[in-house]
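Dear colleague,

I am handing over the structure we spoke about, shown just below. Please look through it first and then read my notes beside it.

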Amino acid sequence: MELSRLLDGVTHVFHLAAQAGVRKSWGRDFQTYSVNNIEATQALLEACLNRPIERVVYASSSSVYGDEAPIPMREDTLPRPVSPYG
C-alpha cells in the first residue's frame, strides 16, 4: 500500500487496523500476525515521519491486560499480556 500518498494533507492518524485474534498470534500463523500487526504499524509510523502529523492515536486491545483484568477496566490497570497479541 502506498502509505505516503494516503497521508497527503493528513494532520491526524487514527490507527485502528490490525489482524484480530489472540489465537493467530501464536504458532504457524505468527508470521502473518507479525506482518499484519507489527510490521504494518511500523510502516505507518515511518510514513508519518517528516510530515505535519499533529497526533497519532493508536487503539490497543484489551488483551494487553491479560486474563485477570478487573471489570470494568480502569485506566490505571497495569498491562499483563499472556500472548503476543496482547
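What follows is an account of the core, the salt bridges, the surface patch and a few individual residues.

This is a predicted model, in which local features need pLDDT of at least 70 and side-chain atom pairs count only at pLDDT 80 or more, whereas totals for chains, interfaces and linings use all residues. Residues are numbered from 1 along each chain as its sequence is written, and side-chain values use heavy atoms, with hydrogens and water left out.

I begin with the interior. The largest nonpolar core has 6 residues in all, namely Leu7, Val13, Leu44, Ala47, Cys48 and Ile53; such a core is a set of buried Ala, Val, Leu, Ile, Met, Phe, Trp, Tyr and Cys residues joined through side-chain atoms within 4.5 Å. Helix H2 gives the most to this core, with 3 residues. Here helices (H or I, at least four residues) and strands (E, at least two) are DSSP runs, numbered from the N terminus, while buried means under 20% relative accessible area, exposed over 50%, and partly exposed in between (1.4 Å probe, protein chains only). In soluble globular proteins, nonpolar side chains tend to be buried together. Not counting residues up to four places away in sequence, Leu7 touches Val13, Ala47, Cys48 and Arg51, where contact means heavy atoms within 4.5 Å.

Arg51 leads on to the charged pairs. The structure holds 2 salt bridges, a salt bridge being a side-chain nitrogen of Lys or Arg within 4 Å of a carboxyl oxygen of Asp or Glu. In one of them, Arg51 pairs with Asp8, with 3.3 Å between the closest N and O atoms. This pair links distant parts of the chain, 43 residues apart, since Arg51 sits in the loop between H2 and strand S2 (55-58) and Asp8 in the loop between helix H1 (3-6) and S1. Arg51 counts as partly exposed because its relative accessibility is 24%. Arg74 forms a salt bridge with Asp76, and there the closest N and O atoms are 2.6 Å apart.

The backbone oxygen of Arg74 also lies 3.1 Å from a polar atom of the side chain of Thr77, which is a polar contact (a pair of N or O atoms within 3.5 Å; within protein, one must be able to donate a hydrogen and the other to accept it, and residues adjacent in sequence count only if both atoms are side-chain atoms). Thr77 is placed in the segment after S2 and is buried, because its relative accessible area is 16%. Leaving aside residues up to four places away in sequence, Thr77 touches Tyr65 and Pro70.

Ser34, in helix H2, counts as buried at 12% relative accessibility, and a polar atom of its side chain lies 3.0 Å from the backbone oxygen of Gln31.

At the surface, Phe14, Leu16 and Val57 make a nonpolar patch of about 320 Å². Patches are made of residues with over 30% relative accessible area and no salt bridge, like charges being joined within 9 Å and nonpolar side chains (Val, Leu, Ile, Met, Phe, Trp, Tyr) within 5 Å; accessible areas come from the Shrake-Rupley method with a 1.4 Å probe, and for residues only the protein chains shown count as cover. Leu16 is found in the loop between strand S1 (12-15) and helix H2 (30-48), and Leu16 counts as exposed because its relative accessibility is 62%.

With best regards
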